[in-house]
Amino acid sequence: GYQSGRTEPTSRELWYRWVTLGALSPVMRTHHGRSARQNWNWESDEASTEHFRRWAALHMRLFPYLYRLAEIAHDTGLPMMRPLALRWPDFEPGWTATDQFLLGDRIVVAPVVTQGATSRAVRLPPGTYYPLLGGAAVSPGPDGAVTVTAPLEEIPAFVPAGTLLVLLPDGIDTAVAEPDTDEAVVTVADAGDDRELWLWPGGEGDSSDWTEAGGRLSYRLEGGPLESLPPTATWNGTPVPIADRAVTVTGPGTLAVGPVTVTATGGDPSRTLVFRFPSFP
């Protein structure tokens, strides 16, 4: 992390960038260094508090993904943060690029590391990619480069077409449940087997399956591409509405949306599943 033993106090810009990078890392934290009162932090102003809140919430929602990555790291030694070459060994920048990485096997993270920059070049293997938090698809040029905007509050992060990402429901505060935890604090245990799945159909590869830590809950995305979202889907053969780019059902089972199917296996029969398509209009 950054610290201020022999450096200038942390600026607002550096702190904002650090928060977004931390959210898409295994461990999200800030660091006061030796000048806690001089460094910019989450309570320096209302906007900074909201910035930290937003990205901390996303980091918490990524728990099913990060926890499984930690299990894989423990069992095999495969790191949670990886060079792109571990997935795309024929993509040369994947061996030499030092300013972007894979979080797990499916999220390409390209933090802004240049002071004052509001855009940056990202190097991606051939294919179609989608911004993690929604937006139009991007396709890299012959050299793999694509220039993307990067406002201060955002971080460039992309998933390849064909990706399935498993998240906790919105509103989970912590993975830690202490005996004296305030009842208003919502924990991972409170979520049970409820999940939200983010889906980017249309590709082939290693991003369409996911099994959570412990092996009890698993998911598979198949089929595509999906040109547009129809008004309805089917869940275990029964029609269900699509509203605000999402379908909410009680699982486990199989969702069919046009040529796309998503299967959720295991878990409590009363679990709530939300299937979301972030990059459709």
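**Close-up views of a predicted model**

**View 1. Tyr-219 of strand β11 faces a partner in strand β16.** Tyr-219 stands opposite Ala-264 in β16. This is a predicted model, in which local features need pLDDT of at least 70 and side-chain atom pairs count only at pLDDT 80 or more, while totals for chains, interfaces and linings use all residues. Residues are numbered from 1 along each chain as its sequence is written, and side-chain values use heavy atoms, leaving out hydrogens and water. Strands β11 and β16 (residues 260–265) pair in the antiparallel sense over 5 bridges; pairing requires at least two DSSP bridges between the strands. Strands (E, at least two residues) and helices (H or I, at least four) are DSSP runs numbered from the N terminus.

**View 2. Strand β11 (residues 218–222) shows two faces.** Tyr-219 and Leu-221 point to one face and are buried, whereas Ser-218, Arg-220 and Glu-222 point to the other and are not. Here buried means under 20% relative accessible area, exposed means over 50%, and partly exposed lies in between (1.4 Å probe, protein chains only). On the hairpin side, β10 (residues 209–211) runs antiparallel to β11, joined by 3 bridges, and Asp-209 stands opposite Arg-220. The hairpin has 6 residues between its strands, and Gly-214 in the turn has a positive phi of about 90°.

**View 3. Thr-49 sits in helix α2 (residues 46–61).** Thr-49 counts as partly exposed because its relative accessibility is 23%. Setting aside neighbours within four places in sequence, Thr-49 is in contact (heavy atoms within 4.5 Å) with Trp-42 and Glu-43. Its side chain reaches the backbone oxygen of Trp-42 at 2.6 Å.

**View 4. Helix α2 takes part in salt bridges.** A salt bridge is a side-chain nitrogen of Lys or Arg within 4 Å of a carboxyl oxygen of Asp or Glu. Glu-50 and Arg-53 meet in one (3.1 Å, N to O); being 3 residues apart in helix α2, they are separated by about one helical turn. Arg-54 forms another with Glu-154, with the closest N and O atoms 2.9 Å apart. Arg-54 lies in helix α2 and Glu-154 in the loop between β6 (145–149) and β7 (157–160), so this pair ties together parts that are 100 residues apart in sequence.

**View 5. Arg-61, Glu-196 and Arg-276 form a network of salt bridges.** The closest N and O atoms of Glu-196 and Arg-61 are 3.1 Å apart. Are these two residues buried or exposed? Both Glu-196 and Arg-61 are buried.

Methods:
Polar contact = N/O pair within 3.5 Å; in protein donor to acceptor, adjacent residues only side chain to side chain.
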